[in-house]
Amino acid sequence: MPPTISATDRPLEKLTADAVVVGVGKGPDGPLATPGAEAVDRLLGGRLMAALADLGARGAEDEVTRLATFGQGPFPVVAVAGLGAPLADGTYAGEAVRRAAGAASRALVGRASVVSLLAAVGGAPDDERLHAVGEGSLLGAYEFTAYKSALPADRPTPPRSVELVVPDAGAAKAALARVRAVADAVALTRDLVNTPPNDLFPAELAARGAAAGKKAGLSVEILDEEQLAAGGYGGILAVGAGSARGPRLLRLSYRGRRARRSVALVGKGITFDSGGLSIKPALKMEDMKSDMAGAAAVIATVCLVAELGLPVDVTATVPIAENLPSGTAYRPADVVTFRNGKTAEITNTDAEGRVVLADAIARAAEDSPDFLLETSTLTGAQTVALGGRTAGVMGSDDLRDAVVAASERSGEPMWAMPLPPELRRGLDSATADFVNANADRLGGMLVAGHFLAEFVPEGLPWAHIDVAGPAYNTGGAWGYTTKGGTGVPVRTLLATIEALIER
């Protein structure tokens, strides 16, 4: 079960829990105290900061130092989370606080109840601090245990309750309700991404997405193979042809009260990607269960928008298929005809994401939305260019930049990328309108963006977010990011939609 989260304005000395969390910054000569650390230091008779210095704590990001209080306070353990170096004005960025809260939750396995003073760290308006501390605390406590067959009843688990110390507990209720909704949406995304592909095949992902949508009060539509064929979805059918488990198209629609804007969301749902006949190397192929992370993110986002009751219309269009090699698989040299009548010569069956997204973008555009946001684990070239934590964003300049700005507010790093016109020539085909992949590996992320652009109608603002690296953490946990599915880019999509509402 996910932790509960609440706020309190009671005096620190009157609170009880299994641990208290405070933050310290990184200074040139050792840790820098924050108001929360100073409060606990006073409660412990001035011993906390001295003990940190003796232990060699630096206040660096992802550093958590746990100290026993030996009965000197109402908490048996103090967890001191590093915030890193302060900003020029002596404050700390919201993302530094969010990561510190997540690192503390991960470090406090076995402590059922936690009181956090991280909201006392300065540098942002009260609601922004609450969002950062709350999201970090809940997301850092995430765990995926559905496939563990023998979990001891007394095993150490992440904190089950988190209580934030704030000046006015009543005023914090609305902010914490949003925190709960956002954390649940990210957890849903993580759960879907972490589920093994033998259990999350196309029909099952569509069913789980539909169930989440119905719970949120959304309109739901699922197209099966026959309906996809009747609708002209040649790309989705081609990619799904190699699997015995047929493809699907899921659509979830939310109609907000007093909506002035409409947003189309599109997310790639390849439940497993072997590369098809252009098969991938065996090494790390197991990570390809995460190739539906874009689908999971847009499913969770439209449900989140509905839960928050935002005044906007949002429809998620989710193409879902399994890319496997077989006697019925699509081949290099095949020509695929898409929903909008355009054609592509297949030169690489492992460039399948753009093939299913082409149909989905074409369908989403038929609704005449004001904006189109698409996200996918699209190219290995994204990780080559930007690493495992920073997504690449392409599309219409204004909307692309709005997404990047939203990512900065959300703490999900993204970088604006161009679509150089000369790279479009790499998609030229002598047989069809274009090829699906360029043999020249230079600029692969951008070439993929050009392919998607072919399906966006003239004048429709759009943005493509390539999260091939950031959506799935193959390394160790850090901050509030656990191993496996990360939930990126749910929070950025939400922040972008909220910004578009205000336009």
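1. UniProt, in an unreviewed entry, places the feature "active site" at Lys280 and Arg354. The structure itself is a predicted model. The points below take these two residues in turn, then the aromatic pairs, then a helix crossing.

2. Lys280 sits in a loop. That loop runs between β11 (269-273) and α9 (293-308). Beyond residues up to four places away in sequence, Lys280 touches Asp273, Ser274 and Gly275. Met285, Met288 and Asp350 are also touched by Lys280.

3. Arg354 belongs to a helix, α10 (residues 353-365). Is Arg354 buried or exposed? Its relative accessible area is 8%, so Arg354 is buried, the cut-off being under 20%.

4. The contacts of Arg354, leaving aside neighbours within four places in sequence, are Leu378, Thr379, Asn436, Ala437, Ala448, Phe451 and Leu452. Phe451 returns in point 8, as a member of an aromatic pair.

5. The UniProt record, again unreviewed, gives "domain: Cytosol aminopeptidase" for residues 348-355. The C-alpha atoms at the ends of this span are 10 Å apart. Helix accounts for 38% of the span and strand for 0%. Asp350, a contact of Lys280, falls within the annotated residues 348-355.

6. On the aromatic side, the count is 6 pairs. One of them joins Phe338 and Phe455. The ring centres are 5.0 Å apart and the planes stand at 75°, so this pair is edge-to-face, a class that requires planes over 60 degrees apart.

7. Which parts does the pair of Phe338 and Phe455 tie together? Phe338 lies in the loop between β13 (335-337) and β14 (343-345). Phe455 lies in the loop between α14 (444-453) and β19 (462-466). The pair therefore links parts 117 residues apart in sequence. Both partners are shielded from solvent by the burial criterion: Phe338 is buried at 2% relative accessible area, and Phe455 counts as buried at 3%.

8. A second edge-to-face pair is formed by Phe434 and Phe451. Here the ring centres are 5.3 Å apart, with the planes at 75°. Phe434 is in strand β18 (residues 434-435) and Phe451 in helix α14, so the pair ties together parts 17 residues apart in sequence. Phe434 and Phe451 are both buried.

9. The two pairs belong together. Phe338, Phe434, Phe451 and Phe455 form one aromatic cluster. Arg354, one of the annotated "active site" positions, contacts this cluster's Phe451.

10. Helices α4 (residues 126-140) and α5 (residues 173-194) deserve a look as well. Their axes come within 9 Å and cross at roughly 35°. The crossing of α4 past α5 is right-handed.

11. Which residues make the contact? From α4 come Asp127, Leu130, His131, Gly134, Glu135, Leu138 and Leu139. From α5 come Ala175, Arg178, Val179, Arg180, Val182, Ala183, Val186 and Arg190. By class, the contact holds 8 nonpolar, 2 polar and 5 charged residues.

12. His131 is one residue of α4 in this contact. With a relative accessible area of 17%, His131 is buried. Leaving aside neighbours within four places in sequence, the contacts of His131 are Ala175, Arg178 and Val179. These three residues appear on the α5 side of the contact.

Notes
Residues are numbered from 1 along each chain as its sequence is written. This is a predicted model: local features need pLDDT of at least 70, side-chain atom pairs count only at pLDDT 80 or more; totals for chains, interfaces and linings use all residues. Side-chain values use heavy atoms; hydrogens and water are left out. UniProt positions are given in the numbering used here, feature names are shortened, and annotations may be inferred rather than shown by experiment. Helices (H or I, at least four residues) and strands (E, at least two) are DSSP runs, numbered from the N terminus. Axes are lines fitted to C-alpha atoms, for helices over the stretch in contact, and angles run from 0 to 180 degrees between N-to-C directions. A crossing is left-handed if the near helix is turned anticlockwise from the far one by less than a right angle, and right-handed if clockwise. Contact means heavy atoms within 4.5 Å. Ala, Val, Leu, Ile, Met, Phe, Trp, Tyr, Cys and Pro count as nonpolar, Asp, Glu, Lys and Arg as charged, and the others, Gly among them, as polar. Buried means under 20% relative accessible area, exposed over 50%, partly exposed in between (1.4 Å probe, protein chains only). Rings of Phe, Tyr and Trp (its six-membered ring) pair if their centres lie within 6.5 Å; planes under 30 degrees apart count as stacked, over 60 as edge-to-face and the rest as tilted.
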